[in-house]
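Student: Could you walk me through this structure, please?
Tutor: Gladly, let's take a look together.

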Amino acid sequence: MPAPVLLRQSRTLIITTAAVPLALAALADDIRVRRELRAAQKDPLTGLLRRDSYTARARRLLARHGNDTAVVIVDADHFKGINDGFGHPAGDAVLAAFGARLTAWAGPHAAVGRLGGDEFAVVLGLPATRLEQRLAQLVRMLHTPVVLDDGRTVDVAASVGAATPDAVGSRDLMALQRAADAALYEGKHSGRAHLATTQQLTVPSVNGRRAGRPGTSLWGPAA
């Protein structure tokens with residue numbers, strides 16, 4: 001093979017060999033950035049979406065599923081008593097367990113978020129014919145005791161309110177959340193999910209939530 005050809009091939013090999021580490025480094029940086037972005041979208045305790053990320057995903061689901069969408073608000077009941085009686089690490093374990101249960105219940109295509117404290121929200125595609133059955137299943141899951149790492153068992157409960165565009169007469173996420181929150185409040189500690197109607201839309205609100213809910217006046221950046 002002529003010397004000029006060998007020289008060109010050698011140069012090509014050198015350039016290619018040098019480029020491989022650079023390409024791998026760029027790929028590693030891209031993967032790292034994507035992981036950091038995904039981590040920033042999630043609550044570190046529960047792994048659920050933070051409010052801003054949840055809201056964006058929830059609105060996409062509403063646009064996709066229309067009236068076959070359910071908006072569910074969940075409050076942990078007697079949560080202060082858990083913190084006081086078992087300690088804050090136990091309270092964190094309960095919140096993490098609720099996050100895992102909500103994720104398992106809603107499935108991979110839902111928007112599941114921690115709105116703050118012991119308050120959660122779920123938006124998912126769900127036909128009205130299955131709504132009551134699925135909500136009853138959720139209540140049972142959220143009333144299952146949580147076993148702590150040290151073997152202690154914590155009895156837990158949650159209040160659940162739900163709203164659908166068809167029943168409420170709106171596809172606006174904030175209106176549906178407000179209605180679901182009002183339905184939750186009406187059924188607080190009842191042991192079953194409460195469904196919102198158009199009546200819940202008339203409940204006074206602050207920052208898109210039921211007026212009088214603890215922390216509504218401070219409902220700001222994502223938790």
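Tutor: Two strands pair if DSSP finds at least two bridges between them, and strands (E, at least two residues) are DSSP runs, numbered from the N terminus. This is a predicted model, where local features need pLDDT of at least 70, side-chain atom pairs count only at pLDDT 80 or more, and totals for chains, interfaces and linings use all residues. Residues are numbered from 1 along each chain as its sequence is written, and side-chain values use heavy atoms, with hydrogens and water left out.

Student: Which residue of β3 stands opposite Val 72?
Tutor: Val 72 is in strand β1, which spans residues 69-76. This strand pairs with β3 (residues 119-125) in the antiparallel sense over seven bridges. The residue of β3 opposite Val 72 is Val 122.

Student: And which residue of β6 stands opposite Val 72?
Tutor: β1 also pairs with β6 (residues 158-163), again in the antiparallel sense, over six bridges. In β6, the residue opposite Val 72 is Ala 162.

Student: How many residues of β1 are buried?
Tutor: Buried means under 20% relative accessible area, with exposed over 50% and partly exposed in between (1.4 Å probe, protein chains only). Thr 69, Val 71, Ile 73 and Asp 75 point one way, Ala 70, Val 72, Val 74 and Ala 76 the other way, and all are buried. Of the eight residues in β1, the buried ones number eight.

Student: What is the bridge partner of Ala 111 in β3?
Tutor: Ala 111 belongs to β2, residues 111-116. Five bridges join β2 to β3, and the two run antiparallel. The partner of Ala 111 in β3 is Val 123.

Key:
Helices (H or I, at least four residues) and strands (E, at least two) are DSSP runs, numbered from the N terminus.
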